[in-house]
Amino acid sequence: MIGKIALQSFPAAIGAMLARDQLGEKSAESMQRQDSMTYGQELFLMAVGALFLGLNVAPTEEMVLLSYMMDPWREIALLLLSLVLMHAFVYAVELPGGSKPPGGVGFWSLFLRFTVVGYVIVLAICLYLLWTFGRTDGTGLAEIISATVVLGFPCAIGAAAARLIL
Amino acid sequence: MTPQDAPAPRPKDSATERTRPPPQPADRKTGRSETERATPTSPLEWVVAGIGALLIAAMIAYMVQYGLREHGEVPGRIDITVVETQASGHGHTVRFQIRNRTTATAATLRVRGELRSGDRVVEAVEAEFDYLPPYSERFGGLIFQQDPARFELRIIPTSYSEP
């Protein structure tokens, strides 16, 4: 009972944080904060975003069920799609709060330093969530990877959205 | 009046001295913009990026070789080992481990346990597993009314469906 409340309170807390950031007054300080964010802070934001979406979908049976039904080729395709969407969400699509790549920084630099590293963080969080909910117990490596990639898709979107919103 | 007028010019002078633009802020400003331009390419970030790219490449490579190995496997090689037998309120519980040694997933896997005495089946019970993923193990239990120690115990998988 207490465990359930503790688990539920985590996404709720992030949700409250999101609401304050989105619905509250936009101060000049928060706008400035978005511009002058360090590399570590950007990665941390991605981790928070991945946790927020991940905690909502990881306990469901469907995530693991999907990974049973998908063959490795479709999972590789899903992995690549996650990477592309994560990158496009922040850089290509001109949304308010989207990061403008600073002049002189190439596509590969941004892709490797932010999207790829962010995706690895997302996968690590997915793995942690699956382990927390006991999905990795007695399960083979291939199946764990496959469940991680499937759960990684919503988490990657969450991570990219966190960079735009927060 | 005159004694008050006399000291007045002194603070004014000191005030103008204070408001005189110091040369430092201008230097600091240019310094900051230089560091801002320099931050995107720190060597540590590139090391992290390299490790990340390697990890994802390794994952894709593993999945490709797994995909090449998989085709056409049927979840036939299923091992069952008895872990322990305990007498409980409703009879005797046989706890067993079931292990999938193929790359296929078995859904609604049925396991049948029989107590035999020669050719005669004394008692038969069934257990069902929702999913048995590839190279994974699950635990289950069969509850017999008779004591399994007095008979020959046989546990076999009988059916499954493909998810």
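The following dialogue explains how to read several features of a predicted model with chains A and B.

Biologist: What should be known about this model before its features are read?

Modeller: The model is predicted, so local features need pLDDT of at least 70 and side-chain atom pairs count only at pLDDT 80 or more, while totals for chains, interfaces and linings use all residues. Residues are numbered from 1 along each chain as its sequence is written, and chains are lettered from A and ligands numbered from 1 in the order in which they are written.

Biologist: How many residues of each chain take part in the contact?

Modeller: Two residues are in contact if their C-beta atoms, placed from the backbone, lie within 7 Å. Here chain A contributes 23 residues and chain B contributes 25 residues.

Biologist: Which helices of chain A supply at least two residues each to the side that touches chain B?

Modeller: Helices (H or I, at least four residues) and strands (E, at least two) are DSSP runs, numbered from the N terminus. On the side of chain A that touches chain B, at least two residues each come from α4 (61-69), α5 (72-92), α6 (107-132) and α7 (141-165) of chain A. The most is given by α6(A), with six residues. For classes, Ala, Val, Leu, Ile, Met, Phe, Trp, Tyr, Cys and Pro count as nonpolar, Asp, Glu, Lys and Arg as charged, and the others, Gly among them, as polar. This side of chain A has 16 nonpolar, three polar and four charged residues.

Biologist: Is Val116(A) buried or exposed?

Modeller: A residue is buried if 20 or more other C-beta atoms lie within 10 Å of its own, exposed if 12 or fewer, and partly exposed in between, with C-beta atoms placed from the backbone. Val116(A), a residue of helix α6 of chain A, is buried because 25 other C-beta atoms lie within 10 Å. Residues up to four places away in sequence aside, Val116(A) touches Phe111(A) and, in chain B, Ala49(B), Gly52(B), Ala53(B) and Ile56(B). The C-alpha atoms of Val116(A) and Leu83(A) are 7.2 Å apart, although 33 residues separate them along the chain.

Biologist: At what angle do α3(A) and α6(A) cross?

Modeller: Axes are lines fitted to C-alpha atoms, for helices over the stretch in contact, and angles run from 0 to 180 degrees between N-to-C directions. The axes of α3 (residues 39-57) of chain A and α6(A) cross at roughly 40 degrees and come within 9 Å. This makes α3(A) oblique to α6(A), given that angles under 35 degrees count as roughly parallel, over 145 as roughly antiparallel, 65 to 115 as roughly perpendicular and the rest as oblique. The crossing of α3(A) past α6(A) is right-handed; a crossing is left-handed if the near helix is turned anticlockwise from the far one by less than a right angle, and right-handed if clockwise. By class, this contact of α3(A) with α6(A) has 13 nonpolar, two polar and one charged residues.

Biologist: How does α3(A) pack against α7(A)?

Modeller: The angle between α3(A) and α7(A) is about 135 degrees, and their axes are 7 Å apart. These two helices, α3(A) and α7(A), are therefore oblique to each other. Again α3(A) passes α7(A) in a right-handed crossing. The contact of α3(A) with α7(A) has 14 nonpolar, three polar and two charged residues.

Biologist: What is the order of the strands in the sheet that contains β1 of chain B?

Modeller: Strands of a sheet pair through backbone hydrogen bonds, either parallel or antiparallel. Two strands pair if DSSP finds at least two bridges between them. In chain B, the order β1-β2-β5 forms an open sheet of three strands with antiparallel pairing. The edges are β1 (78-88) and β5 (137-144) of chain B, each with a single partner strand, so one side of each is left without a neighbour in the sheet. The twist averages 20 degrees from one strand to the next. Between β1(B) and β2 (residues 91-100) of chain B there are 10 bridges, and Ile80(B) stands opposite Ile98(B) in β2(B).

Biologist: Which strands form the open sheet that includes β3 of chain B?

Modeller: Its three strands have the order β4-β3-β6 (chain B) and pair antiparallel. Eight bridges join β3 (residues 106-117) of chain B to β6(B), and Arg112(B) stands opposite Ile156(B) in β6(B).

Biologist: What is the phi of Thr108(B)?

Modeller: Most residues other than glycine have a negative phi. Thr108(B), however, has a positive phi near 35 degrees. Thr108(B) is placed in strand β3 of chain B and counts as partly exposed, with 14 C-beta neighbours inside 10 Å.
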